[in-house]
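Please open the structure in the viewer and set each chain to its own colour. The tour below proceeds by selection, one stop after another.

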Number of protein chains: 2
Amino acid sequence: MVPQKTLGALVMSGRFYGVGVGPGDPQLLTLQALKVLQESQVIAAPRTKGENTMALDIVSQVVDLRDKEIVWLDFAMKRDPKARASSQKNNTELLLAPLRQGKSVAMLSIGDASTFSNVSYFIDAVKEDGHEVVIVAGITAFSAAAAKWQVSLTARDEPLTIIPAGATDLDEVLALKGSKILMKPTMPVEKLIASLERAGVLEETRLAERITWPEERTLDSMKGVTEELGYFTTLFVPAKEKEI
Amino acid sequence: MVPQKTLGALVMSGRFYGVGVGPGDPQLLTLQALKVLQESQVIAAPRTKGENTMALDIVSQVVDLRDKEIVWLDFAMKRDPKARASSQKNNTELLLAPLRQGKSVAMLSIGDASTFSNVSYFIDAVKEDGHEVVIVAGITAFSAAAAKWQVSLTARDEPLTIIPAGATDLDEVLALKGSKILMKPTMPVEKLIASLERAGVLEETRLAERITWPEERTLDSMKGVTEELGYFTTLFVPAKEKEI
């Protein structure tokens, strides 16, 4: 009924792997991710102002990197389209060079490789250059935070809405039915708090920062929070009613 | 910066573990889940009409079950509150019995343990009976489906809405901004198709059934689909516009 052979084929030369490495604890890597990383010749690691080298730090705890070629991908964190396009172009070249030499390249992505991940920006270019692409799913920060809080993200009959807080109209989203996850909050904290207050959910909104890291911080309520929120913050607004 | 010691403490006797085992491929278990399952004395496995014994089938491929005590949890799949309450009570007793004997119990959950999972129904009762609870996050079917399709679930500035299709008003949800994931579709397929058609998204809606299983089926469009959808079906409605 369930696979004898696994989804994760052997790592092949000249293939591009987009690998979700989970939120921070290397024990949250999947068996497939571990295997792909162990077998890949090149590891492409994002290096941003906000994230630093976190993805590679996670991997370095469970994968021997001594024989790996490391390619650093520098991402423009700005919203300026020109800066984005330029870093996109540079990074594509950095990824294609080893692929053209027939090497297997695993690009790391914090969390899941399909949820707010940079991996998606390279898939088309890699394919157009003639290389095979394999995406390896990862544990999201919101699943890890829910595990820590021991809460269900979903109510039986209600939606779960996941939003990048800052880009989206928060008042509008908070008015929706069901639970909400707010990720990567880039809006000023007082605006966010005011919005939670208007929606009447300030007290029950939970916070998880750097979940599963040693410096992890969790709060069961957003009441009284005044400091700006970091990039690695996940908020959970539970649904008003839950049914068993 | 990142953990030396891991989140996953050693498995302790008398502890209850809610373990997400991923969507089907055992290679999508996390390292933490594997360790907890290897070390737990008792494995509690759901056995439902829709799911059969799938969660245990996944685990049996990577964990030696010969020395494990298996506890079967039978779930009422009906919406009848009485049937639910009765199966809930029986299952709670089945879980508490080994915990009271000081044994470690790992309850399996397909996908993630906090997303449409039965684990959440037992957390309070287990705690009230004096036992410690640890939840282990898992890969969701929608992350695995996105990996297969090589698509991004999220657009930079837009929400992602995850709904149980059948319980929720689909027209209302499809009118929301951003991408949508429809899970566990229990509504008649013609109603669902009609709703996708009204929203103008029939052609671009993707289907994944039993993702990562050998009998996995994926479709890049819902156009022409007429057969009823199984319980293990995930649909993805991409956002109208995407920005890089």
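How many residues of chain A are in contact with chain B? In this predicted model, 67 residues of chain A are in contact with 67 residues of chain B.

**Stop 1: the interface as a whole**

Select both chains and display their surfaces. Chain A and chain B bury about 6,000 Å² between them, and 60% of that area lies on carbon and sulfur atoms. The rule finds 22 residue pairs in polar contact across the interface, both residues at pLDDT 80 or more. On the side of chain A that touches chain B there are 36 nonpolar, 19 polar and twelve charged residues.

**Stop 2: a salt bridge between the chains**

Two salt bridges are found across the interface of chain A and chain B. Select A:Glu172 and B:Lys177, whose side chains meet in a salt bridge at 3.3 Å, N to O.

Next, colour the elements of chain A that supply at least two residues each to the side touching chain B. These are helix 1 (31-39), helix 2 (54-60), helix 4 (123-128), strand 5 (133-136), helix 5 (141-149) and strand 6 (160-164). Which element supplies the largest share of that side? Strand 6 of chain A does, with five residues.

**Stop 3: the paired strands**

Keep strand 6 of chain A selected and add strand 6 (residues 160-164) of chain B. The two strands run antiparallel and are joined by three bridges. Within this pair, A:Thr161 stands opposite B:Thr161.

**Stop 4: helix 1 of chain A**

Select helix 1 of chain A and show its side chains. Which of its residues are buried? They are A:Leu31, A:Gln32, A:Ala33, A:Leu34, A:Val36 and A:Leu37. Their cover includes, from chain A, strand 1 (16-20), strand 2 (42-47), helix 2, strand 4 (105-109) and strand 5. Helix 1 (31-39) of chain B also belongs to this cover, and it should therefore be displayed together with the elements of chain A.

**Stop 5: B:Asn118**

Move to chain B and select B:Asn118, found in the loop between strand 4 (105-109) and helix 4 (120-128). B:Asn118 counts as partly exposed because its relative accessibility is 24%, and partly exposed residues fall between 20% and 50%. Leaving aside residues up to four places away in sequence, B:Asn118 touches B:Phe75 and B:Met107. Finally, add B:Arg66, which is 52 residues from B:Asn118 in sequence and 25 Å from B:Asn118 in space, C-alpha to C-alpha.

Terms used. Residues numbered from 1 in each chain as written. Chains lettered and ligands numbered in written order. Predicted model: local features only at pLDDT ≥ 70, side-chain atom pairs only at ≥ 80, totals over all residues. Heavy atoms only, no water. Contact = heavy atoms within 4.5 Å. Buried area = accessible area lost by both parts, 1.4 Å probe. Salt bridge = Lys/Arg side-chain N within 4 Å of Asp/Glu carboxyl O. Polar contact = N/O pair within 3.5 Å; in protein donor to acceptor, adjacent residues only side chain to side chain. Helix = DSSP H or I, 4+ residues; strand = E, 2+ residues; numbered from the N terminus. Nonpolar A, V, L, I, M, F, W, Y, C, P; charged D, E, K, R; others polar. Pairing = 2+ DSSP bridges. Buried < 20%, exposed > 50% of the residue type's maximum accessible area, 1.4 Å probe, protein only.
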